[in-house]
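Please open the model in a viewer and keep the selection panel at hand. The tour below proceeds by selections, each followed by a description of what is found there.

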Amino acid sequence: MIFLTGLSYMKRYKLVFFKSLYCLVILVLGIFFLNNKTYCADKTFIIKFATVAPDGSIWVNYMRDLDKRLRLKSQGKIGFRIYAGGIAGDELDVLKKIRIGQIHCAAFSGVGINEILPIWRIMDLPFLFKNSDEVKAVHRELDILFKEEFRKKGFEYITWAEVGDVYLFSKKEIKNRNDFKGLKIWTWSGDPVSKKTFTMMGSIPISLSITDVTTAINTNMIDTVYAPPIGALSMQWNDRMSHMTGFPIAHSTGAILISKEYFDNIPEDLIKLFNNEVKISMTELSSALNKQADESIKIIVQKGVKISDHPGPKEVAEFNELHNEIANSLIGEIFPDTLLLKVNNILHKERSTN
């Protein structure tokens, strides 16, 4: 009887002990998270942002304006430290730096995105879009998918960023599919889409970092490059070329991505401000880019570059056929057939209503 009473007492003692221990743990954790939340609320978040766009370009100017607005509206709690002109390296270098925490955020084109989420590159297929409305329609339908997939890869997808219609700048005139044969075309190092595209066109793709292109042009390593007109002017590539295609070979959009690990530490109110201001800025940038693209082409012509005639029905049919060949060759390598079908359905719907 004494033994049973002692056993009962020990059980009650253990129960009281573990209840007390449990309460203590909850209390400590509560104090920790409360202090941590207060700490984050008072912390300043200066986001290290990198881009290969040159300082003084329209892209960087808009990012600097965005930085000013963020600092003003947050009372200095959030803003950017901008590394422009490839000072942090090309996009693949920047991606490595984000993964080790040296850089937090970047504006990526298809090349950098290809290392993170290859399916995005469906947006860069040659001869896919006919106008900017089609680009917007596809993004509206696919942005939720992209956001979810980027998150799985450790990135927060803030918004897509306009780059613009991409043209070829060359030392000889390009008017049809046959004119591509034998051209030594620069392709961004690590970009399977441009390499596949120009190989199937009969050209010789030369893979280089974007920072090596000017030297490659001057030494005749390459005789053809691709870029939006504004980009060609910013890089001064047009000064070394005599011809520009009278038609875009693709439409390029990039994405602003931020490390999910860094992003998750930013308080909710600052996240809301950040997301809203970035999207507003990128919408304004898209409109400005469309206007500047036309102005850039005028300047390029004034500098002596000859623009080839717009392709006729025969050439258009050849380029559409080439698009299908390239798209089908990338199924399973870059994107699934279901995604290609979805994009084609979106475009069919958009074209049938306009």
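The lining of the second largest pocket of this predicted model comprises 2 nonpolar, 5 polar and 2 charged residues. To display this lining, select K136, T159, W160, K279, M282, T283, S286, S287 and N290. The pocket that these residues enclose has a volume of about 160 Å³. Two elements, β4 and α10, each give two or more residues to the lining of the second largest pocket. Which element supplies the largest share of this lining? It is α10, with 6 residues.

**Along helix α10**

Keep α10 selected, residues 268-302, and add helix α2, residues 58-73. The axes of α2 and α10 come within 10 Å, and they cross at roughly 150°. Angles over 145 degrees count as roughly antiparallel, and α2 and α10 are therefore roughly antiparallel to each other. The crossing of these two helices, α2 and α10, is right-handed.

To inspect the contact, show the side chains on both helices. On α2, select I58, W59, Y62, M63, L66, R69, L70 and K73. On α10, the partners are L273, F274, E277, V278, I280, S281, M282, E284, L285, A288, L289 and Q292. Colouring by class shows 14 nonpolar, 2 polar and 4 charged residues in the contact of α2 with α10. M282 of α10 deserves a second look: this residue belongs to the contact with α2 and also lines the second largest pocket.

**The largest pocket**

Next, centre the view on F127, F129, K130, N131 and P248. These five are the closest to the centre of the largest pocket, among the 35 residues that line it. About 740 Å³ of space lies in this pocket. Which elements give two or more residues to its lining? They are α5 (132-152), β4 (155-170), α8 (229-235), β9 (250-259), α10, α11 (313-329) and α12 (337-352). Both β4 and α10 thus appear here as well as in the lining of the second largest pocket. By class, the lining of the largest pocket holds 21 nonpolar, 10 polar and 4 charged residues.

**The enclosed cavity**

How many cavities of 30 Å³ or more are counted? The count comes to 1. For this cavity, select S109, V163, W188, P228 and S252, which are the closest to its centre out of the 45 residues that line it. The volume of the largest cavity is about 760 Å³. Strand β9 gives the largest share of the lining of the largest cavity, 5 residues. Sorted by class, the cavity lining divides into 31 nonpolar, 9 polar and 5 charged residues.

**Helices α6 and α11**

For the last stop, select α6, residues 192-200, together with α11, whose axis comes within 10 Å of the axis of α6. The two axes cross at roughly 135°, which makes α6 oblique to α11. As in the crossing of α2 and α10, which is right-handed, α6 passes α11 in a right-handed crossing.

Now show the residues in contact. From α6, the contact uses K196, T197 and M200. From α11, it uses L322, E325, I326 and S329. The contact of α6 with α11 is divided by class into 3 nonpolar, 2 polar and 2 charged residues. To link this stop with an earlier one, display the largest pocket again, to whose lining α11 gives two or more residues.

Key. Residues are numbered from 1 along each chain as its sequence is written. This is a predicted model: local features need pLDDT of at least 70, side-chain atom pairs count only at pLDDT 80 or more; totals for chains, interfaces and linings use all residues. Side-chain values use heavy atoms; hydrogens and water are left out. Axes are lines fitted to C-alpha atoms, for helices over the stretch in contact, and angles run from 0 to 180 degrees between N-to-C directions. Helices (H or I, at least four residues) and strands (E, at least two) are DSSP runs, numbered from the N terminus. Angles under 35 degrees count as roughly parallel, over 145 as roughly antiparallel, 65 to 115 as roughly perpendicular and the rest as oblique. A crossing is left-handed if the near helix is turned anticlockwise from the far one by less than a right angle, and right-handed if clockwise. Contact means heavy atoms within 4.5 Å. Ala, Val, Leu, Ile, Met, Phe, Trp, Tyr, Cys and Pro count as nonpolar, Asp, Glu, Lys and Arg as charged, and the others, Gly among them, as polar. On a 1 Å grid over the protein atoms alone, a cavity is a set of points where a 1.4 Å probe fits but cannot get out, and a pocket is an open set with protein on both sides within 12 Å along at least five of seven lines; lining residues have an atom within 4 Å of a point. Grid points are joined across faces, edges and corners, and a volume is the space filled by probe spheres set on the points.
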